[in-house]
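Trainee: Could you take me through one part of this structure closely, strand by strand? I would like to see how the pieces sit together.

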Amino acid sequence: MTDTIPDRLSASPDSPYYNEELLSRGIGVRFKGEERTTVEEYCISEGWVRLAVGKSMDRRGRPMTIKVTGPVEVWIKDSEENA
């Protein structure tokens, strides 16, 4: 398995940026210096994350999200446990 982190990753299976193997390993996201657990999608190069907003859902049953810009740091969680 490779430890290369993609520039953009989505938790939605409908997205072209979805990667099930990587998501099953666990991804940590730090946004503006704070670790976030409600990230649905991120883009490192453009500096934004899409955060789930509460428990509300859209008409297709996916979480409602808000796009927020700022510095994004990403790491693979299982690699830090083995280190």
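Mentor: Happy to! In this predicted model, let's start with the open sheet of three strands, whose order is S3-S2-S7 with antiparallel pairing. Strand S3 (34-36) and strand S7 (72-76) are at the edges with a single partner strand each, so one side of each has no neighbour in the sheet. From one strand to the next, the twist averages 30°.

Now look at the pairing of S2 (residues 27-31) with S7, which is antiparallel and runs over five bridges. Here Ile27 lies opposite Ile76 of S7. Both residues also belong to the largest nonpolar core, which has 12 residues, among them Leu9, Leu22, Val29, Phe31, Val72 and Val74. At least two residues of this core come from each of S2, S4 (39-43), S5 (48-57) and S7. Follow Leu22 next: beyond its neighbours within four places in sequence, Leu22 contacts Pro6, Leu9, Ile27 and Ile76.

Leu9 is a good way over to S4, since S1 (residues 8-10) pairs with S4 in the antiparallel sense over three bridges, and Leu9 stands opposite Tyr42 of S4. Tyr42 has a bridge partner in S5 as well, namely Val49; S4 and S5 are antiparallel and joined over four bridges. Four of the five residues of S4 are buried, so this strand is largely enclosed by the rest of the structure. Finally, the hairpin of S4 and S5 has four residues between the strands, and Gly47 there adopts a positive phi near 70°.

Technical notes. Residues numbered from 1 in each chain as written. Predicted model: local features only at pLDDT ≥ 70, side-chain atom pairs only at ≥ 80, totals over all residues. Heavy atoms only, no water. Pairing = 2+ DSSP bridges. Axes fitted to C-alpha atoms, helices over the stretch in contact; angles between N-to-C directions. Core = buried A, V, L, I, M, F, W, Y, C linked by side-chain atoms within 4.5 Å. Buried < 20%, exposed > 50% of the residue type's maximum accessible area, 1.4 Å probe, protein only. Contact = heavy atoms within 4.5 Å.
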